[in-house]
Amino acid sequence: MVPGGQRRLIAVLTPLLLTGCEDHAFYQFKPVCARQVNEAQALQRSRPVDILFVIDDSNSMIEEREMLASNISSPCGIDENPDDARCGFMEQLIAATTSQNLPDGETYFHIGVITTSLNANTGENNPGGVELPRFGCLFAGGSGIPVVDSNHGNHAITLVSDRIRAINQGGGDGFEQGLESMRFFLRGDTDEPACQDHLERFLRPTARLIVVFVTDEDDCSHRFDRRPPGMDATSCYVEQGGIPKIPVEDYVSFLQGLKADPDDIAMAVIGGARFDPDPLNPGPESVPCNGTIDCERGQICKRQRCRGSGDCAAGNTCSPSENEPGVSYCLPEDESRPPGLCVLGEAAGCNLDPRGTALPTEDSINPVNAADRCSVSGGGAGCPVPVQSCQPCFGDRSLRNEHPFCCEAEAASRYFEVTDQLFAARDEGFLYDSICSGDYRGTLRDIASLLVIVPEIELLQPPADPAEMRVEVLRRQDDGEMVREIVPYHDPDGGELEGWDLTCARACQDLCTESGTCARRWLRFHGDDRPRPGDRVETIYLTQSDEEVCSPLVGSSQEGGGP
Amino acid sequence: MRTLYSLAAAISFCVLLPPPAQAAEDVGRVHEGRNRDRLRSVQGRPVLKAGRFSLSGTYARTVNDALVIKHGGGLTARYHLAEGFAFLLNGTFATSEQTDYVHLVRYERRLVLEEPELKSHMGVGFSYTPIYGKFSLFSDWILHNDLYVEGAFQLVDIAGSRQPAGLAGLGTRVYLGQAMSFELGLRSLMYATEYRGVRDIKNLMFLNTGLTLFMPLKNLARRRR
């Protein structure tokens, strides 16, 4: 028998006797968790730019031209803050004149304005002797300065906006020939004595060229000598039997031959909206296409033309159009459903623009709102007058801005075709906007961003922690030597005027900073730390860890012990 | 590590060894001259703990973990109800330090050790002192010692989360006078953990060394029977 005292002693000592070396649970990580990324990006050397506005001078464009003239400039504090998002097109270009590192004496931008009219120079409606646009000539608006350039400084804003406002003082031509007008001028075909030097003064072989079309009609470029007699401008937009137009391929090949480097050509179209619904989020009026006339199977159509009801999706029937003889559309069998919306710019259209642009969609209109609705034959609940387009868009043009997606613009299809072909293999170099937009400032700013090299760099991956990021700028000196400089982090809340920070997207506005959920991968510089064209930016950072990739694998623990 | 174990074993061996038999036989026979180097005989307990408080300050270090070394300091307060029994209140703060082995497997095997580690433990318990002894140091000093065991209920702080634990200890005190003793012992701290679905029972063994101060500083007067 073991005495009681010894039993207690043994009980107390037992844990000590059982003590072995301590175990630990190890976890195995997948090989890649936070990856260090070393990036080096060179800001391309800046180039001078030639900007040619081709503006529809028809009567239907009076409000749009006035808005364009107003929107081309947006006063801002660009002198204090080059990143001021309020800065307009002209302000950005003027500011860029000094920031683009151009060789001494080089003029940064040339701006010229032409119109779409062939016969606006007849002077018949111009008893006051105001300068009228002439085919093949730059329009100076009475200023006597056909080419506005960066040497005009802030006066360039007035020069450009005034000439846009001065268009159509005498009445434009109903045959809008934007593409031919562009080619006629850029080819130097004019025989006008007064503007023989316009092309030479405007177009520079070393400069990039951007052509900006602003129109509410489709292009009607045609051979004057082949216009059938008796046809008026409405014959431009008749699919069969109308005016035979010059193939868009001719303009594409012309533009391709104009510059040796395809990147030296850019194009922007502010025109009739192209139907661009979101296939992932179709509206109640969107029709799944069965793949017949206008679209391929699987696309989403607004109003799909059809030959028979078999072409239409369930719930829709093929009904003849009351306004277009021989044309039928898939319409809802349930007549209480809104059959269409106000926009009739393109009678039928599919999701032809898979690249996705900023064009407004017809689905943006609220179908529940009666004022936004009308039927094909005219006169929905919101259309008291039985006309083809709905009342808010028709007649009183001042209402257009209240219904920005509801205007009478003909789709600028031929312009779109030119850009589609010219930029077929590229994702940049072109811009679209709707002429029905209530404001062109955003698009004009985007145009400027195509031209102005801004010191923002897109990183390959969103950095995990900006505080751990290292940013260096190799600054090009006058003698070509590169001097390395470490750029500090810019605390936007700390009132710092220099350094760098990360933002959601290029030229990010308040929208994405408010959400805070976007991937901040645009490296933006401020103040004197902004690199200039020709400089090189080097970054070292860790990528954000992917939880699925990086978390320890539960169950794969391994015991590791001591001796 | 082996050095530590060897040291602990040697100390324990020395402490637990009974005084040499020869010394017992020589009681009362120490004379100057021939027997000068023989051990002097000391009778009785020079330090009486009953009714006194003691406060120990100790340095603690784990001795059974080759991967994570924990070391720190602590205090133990005891009230000695009797010569052999005391209540105790203790607390220890520890820091953790991963050894090179952990870094080695991290880079070579992509295995990472990220368990939350012990930050501190504290609790209440008892101490029982069943064995007393004495030994001669360099033949000149007779040092008294005892051996105690202790058990305590503990709360451990593991990266901010507290949970119960048990503590068992074995140690020895070498008295340096009526007021002070040197203390050396092993404490085993056991608690359950669960991390990322892996359950485990931790048993950390600490080597404690320190000094104990007895209060009052002198023995209380013996009660006469």
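Which side chains meet in a salt bridge at 3.1 Å, N to O, in chain B? In this predicted model, the pair is formed by B:Lys70 and B:Glu117. Because B:Lys70 lies in strand S2 of chain B, whereas B:Glu117 lies in the loop between strand S4 (111-112) and strand S5 (118-137) of chain B, the contact ties together parts that are 47 residues apart in sequence. Both B:Lys70 and B:Glu117 are buried.

**The barrel of chain B**

Strand S2 belongs to a closed barrel of 8 strands in chain B, which follows the order S1-S2-S3-S5-S6-S7-S8-S9 with antiparallel pairing. On average, and with direction ignored, neighbouring strands of this sheet are turned by 25° against each other. Strand S9 (residues 198-215) takes part in two of the pairings described here, being joined in the antiparallel sense to strand S1 (residues 53-62) over 10 bridges and to strand S8 (residues 180-195) through 16 bridges. Within S9(B), B:Leu211 is the bridge partner of B:Gly57, and B:Gly210 is the bridge partner of B:Glu183. S8(B) and S9(B) form a hairpin with 2 residues between them, and in its turn B:Arg196 has a positive phi of about 55°. Elsewhere in the barrel, strand S2 (residues 68-82) and strand S3 (residues 85-98) of chain B pair in the antiparallel sense over 14 bridges, with B:Gly72 standing opposite B:Ala94 in S3(B).

**Salt bridges within and between chains**

Over all chains, a search of the whole structure finds 25 salt bridges, and the table sets out three of them.

| Basic residue | Acidic residue | Closest N and O atoms |
|---|---|---|
| B:Lys70 | B:Glu117 | 3.1 Å |
| B:Lys202 | A:Glu22 | 3.5 Å |
| A:Arg475 | A:Glu485 | 3.2 Å |

The salt bridge between B:Lys202 and A:Glu22 joins two chains, because B:Lys202 lies in strand S9 of chain B and A:Glu22 in the loop between helix H1 (4-18) and strand S1 (23-28) of chain A. Both B:Lys202 and A:Glu22 are buried.

In chain A, the salt bridge between A:Arg475 and A:Glu485 links strand S15 (residues 470-476), which holds A:Arg475, with strand S16 (residues 482-487), which holds A:Glu485, the two residues being 10 residues apart. The accessibility of these partners can be stated separately: A:Arg475 is buried, with a relative accessible area of 12%, while A:Glu485 is partly exposed, with a relative accessible area of 29%. Chain A also contains a network of salt bridges that links A:Arg470, A:Glu472, A:Arg484, A:Arg536 and A:Glu538.

**Aromatic contacts**

The count of aromatic pairs over all chains comes to 12. One of them is formed by A:Tyr108 and A:Phe109, whose ring centres are 6.3 Å apart and whose planes stand at 85°, so the pair is edge-to-face. A:Tyr108 is buried, with a relative accessible area of 0%, and A:Phe109 is likewise buried, with a relative accessible area of 0%.

In chain B, B:Phe85, B:Phe87 and B:Phe126 form one aromatic cluster. A contact between a charge and a ring is found in chain B as well, where B:Arg78 lies over the face of B:Tyr148, at 5.4 Å from the ring centre.

Conventions: Residues numbered from 1 in each chain as written. Chains lettered and ligands numbered in written order. Predicted model: local features only at pLDDT ≥ 70, side-chain atom pairs only at ≥ 80, totals over all residues. Heavy atoms only, no water. Pairing = 2+ DSSP bridges. Helix = DSSP H or I, 4+ residues; strand = E, 2+ residues; numbered from the N terminus. Axes fitted to C-alpha atoms, helices over the stretch in contact; angles between N-to-C directions. Phe/Tyr/Trp six-rings, centres within 6.5 Å; stacked < 30°, edge-to-face > 60°. Buried < 20%, exposed > 50% of the residue type's maximum accessible area, 1.4 Å probe, protein only. Lys NZ or Arg CZ within 6 Å of the ring centre and 35° of its normal. Salt bridge = Lys/Arg side-chain N within 4 Å of Asp/Glu carboxyl O.
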